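Subject: Structure handover

Hello,

Here is the structure I promised to pass on. Please open it and keep it beside this email while you read.

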Amino acid sequence: RQQFQAQLQSVVDKAHSAVPAEALASAEGRVSYLSAVAARLYALEQSCAVRERELGRAVEEARRMAQFEIGVEKQKLQLVIQAKNNEIERFRLELDGLLQQLTVIRAQQAQPTLQPGQALRPRSF
């Protein structure tokens, strides 16, 4: 807004200095001068409107790209999380298998072992 006002003041100053004092003295000269200023003002307003639309499109494009990049990063993180979950599941299954083997080994160690030629004797109660 301030930039627009500065541009407008600059245009008015240039136009005023470019117009001879005699032209401003007559009513027809003043009308012509004001018409020129109004035309230039309109052109500046149109230029600013075009620039605002361009900037708006640029902002929207940047916003759209940021959302896209966020989506891509979320997908990457989901894949990493899924891979880690799979790794944890494999580890859990491996651990369960080892615990089962340990249980079998302990059960075997708890049973008396027979030496060759040795017979089992029933326990007396």
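Below is what was found, starting with the overall fold and moving on to charged side chains.

Please note that this is a predicted model.

**The fold**

The protein has three helices and zero strands. Read from the N terminus, its elements run α-α-α. Helix α3 spans residues 27-110. The chain has 125 residues, and 6% of them count as buried. The protein exposes about 11,300 Å². Carbon and sulfur atoms supply 58% of that area.

**Charged pairs**

Some background first. Side chains of opposite charge can pair when their charged atoms come close.

How many salt bridges does a search of the whole structure find? The search finds six. Three of the pairs are described here, one at a time.

*Glutamate 73 and lysine 76.* Their side chains meet in a salt bridge, at 3.5 Å from N to O. Where do they sit in the helix? Both are in helix α3, three residues apart, so about one helical turn separates them. Are they buried, or exposed to some degree? Glutamate 73 is partly exposed, with a relative accessible area of 42%. Lysine 76 also counts as partly exposed, at 45%. The reasoning is simple: partly exposed covers the range between 20% and 50%, so both values fall inside it.

*Lysine 84 and glutamate 87.* These two form a salt bridge as well, and their closest N and O atoms are 3.7 Å apart. The spacing is three residues in helix α3, so the two are separated by about one helical turn. Lysine 84 is partly exposed, with a relative accessible area of 46%. Glutamate 87 is partly exposed too, at 42%.

*Glutamate 89 and arginine 92.* The side chains of this pair meet in a salt bridge at 2.6 Å, N to O. Both residues lie in helix α3. They are three residues apart, about one turn of the helix. Glutamate 89 is partly exposed, with a relative accessible area of 34%. Arginine 92 counts as partly exposed at 39%.

**A network**

Which residues are linked with Glu89 in a network of salt bridges? They are Arg92 and Asp96. Find Glu89, Arg92 and Asp96 in the viewer and look at them together.

**To recap**

The protein is built from three helices. A search of the whole structure gives six salt bridges. Glu89, Arg92 and Asp96 are joined in a salt-bridge network.

Best wishes

Terms used:
Residues numbered from 1 in each chain as written. Predicted model: local features only at pLDDT ≥ 70, side-chain atom pairs only at ≥ 80, totals over all residues. Heavy atoms only, no water. Salt bridge = Lys/Arg side-chain N within 4 Å of Asp/Glu carboxyl O. Helix = DSSP H or I, 4+ residues; strand = E, 2+ residues; numbered from the N terminus. Buried < 20%, exposed > 50% of the residue type's maximum accessible area, 1.4 Å probe, protein only. Areas by Shrake-Rupley, 256 points an atom, 1.4 Å probe, with all protein chains shown as cover.
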